[in-house]
Amino acid sequence: MTYTPQQVVDAWQNMQPWVEGQLPGLATQAALADDAQKDAGDIGVCQTLDRGGPGSLRWSSDGNASYTLSSQKITALSKVTIDTATAVDESTAHLPFKFSRLEVNGHYSCDQPCAVWDLGKKVTTSHAGGQGTVIQAIDDNTLTYVVKTGDRISLDSVVIGGTVRVSLTPDSGGMPPWIASLLSFMTPGAQLEDFRSKLQDAFHNGSFTTTMLSLLNHEMGG
């Protein structure tokens, strides 16, 4: 038996109790892949050490920075509500749900070599950086499963919308000046889209999604 997108759309509404009641708990603690960037360029942490004034020490980037986001896990998926599914074409359906907050917690570390100058001459090199916890979250948006139909439905992709917000908390020492530079580096488009891609991969490959698809196929009689 070959299923149609409309059959999937109808079955999705019947999945409401499971998606809203069970999916958030099953998704929590799902791991995201580490994000290690060894050639991040100048992320601006050296300049925060500039002491200013004529003839004073000056800091500038003396090479590419590196940063790592590790141990990233989904820590919150709250207030999930099923949205209306749609048949896109003869073999594709979109299965969306809304959420109040989707949050990922993890650890970060960064390092950048910095040149120490005095009276226009490079005296030596040092390093600026640090480590701590990172939170990346999306509020009040929609996650959409894109599925293909056939003898059984299969997951084609996952699309997560919304604006990502990032916060960093150093392990100790309060909020050093370089934290603002690192945060401003991490929040432009490329870094945030990389996070979104890893988050979508987690929903695409997670065991909780496999369970959902199995139940959805069962709901359709497969």
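Hi everyone, let me start on the inside: about 40 Å³ of space lies in the largest cavity of this structure. Keep in mind that we are looking at a predicted model. One cavity of 30 Å³ or more is what the structure holds.

Which residues line the largest cavity? Going along the chain, they are Asp35, Tyr67, Leu69, Gln136, Met186, Gln191 and Phe195. Two elements, strand 3 (66-78) and helix 5 (189-205), each give two or more residues to that lining. If you like to sort by chemistry, the lining has four nonpolar residues, two polar ones and one charged one.

Helix 5 is a good place to move on from, so let's follow it to its partner. How do the axes of helix 5 and helix 6 cross? Helix 6 covers residues 207-219, and the two axes come within 5 Å, crossing at roughly 45 degrees. Since angles between 35 and 65 degrees fall outside the parallel and perpendicular classes, that crossing makes helix 5 oblique to helix 6.

On the helix 5 side of the contact you'll find Ala202, Phe203, His204 and Asn205, and they meet Ser207, Phe208 and Thr209 of helix 6. By class, this contact has three nonpolar and four polar residues, with no charged ones.

Now let's zoom out. The protein chain has six helices and nine strands. Why do we call the chain more spread out than a compact globule? Its radius of gyration is 23 Å, while the globule rule gives 17 Å for 222 residues, so the chain sits well over that value. The C-alpha trace spans about 80 × 30 × 20 Å along its principal axes.

Thanks for listening, and I'm happy to chat!

Conventions. Residues numbered from 1 in each chain as written. Predicted model: local features only at pLDDT ≥ 70, side-chain atom pairs only at ≥ 80, totals over all residues. Heavy atoms only, no water. 1 Å grid on protein atoms, 1.4 Å probe; cavity = no way out; pocket = protein on both sides within 12 Å on 5 of 7 lines; lining within 4 Å. Points joined across faces, edges and corners; volume = space filled by probe spheres on them. Helix = DSSP H or I, 4+ residues; strand = E, 2+ residues; numbered from the N terminus. Nonpolar A, V, L, I, M, F, W, Y, C, P; charged D, E, K, R; others polar. Axes fitted to C-alpha atoms, helices over the stretch in contact; angles between N-to-C directions. Parallel < 35°, antiparallel > 145°, perpendicular 65-115°, else oblique. Contact = heavy atoms within 4.5 Å. Rg over C-alpha atoms; globule rule 2.2 N^0.38 Å.
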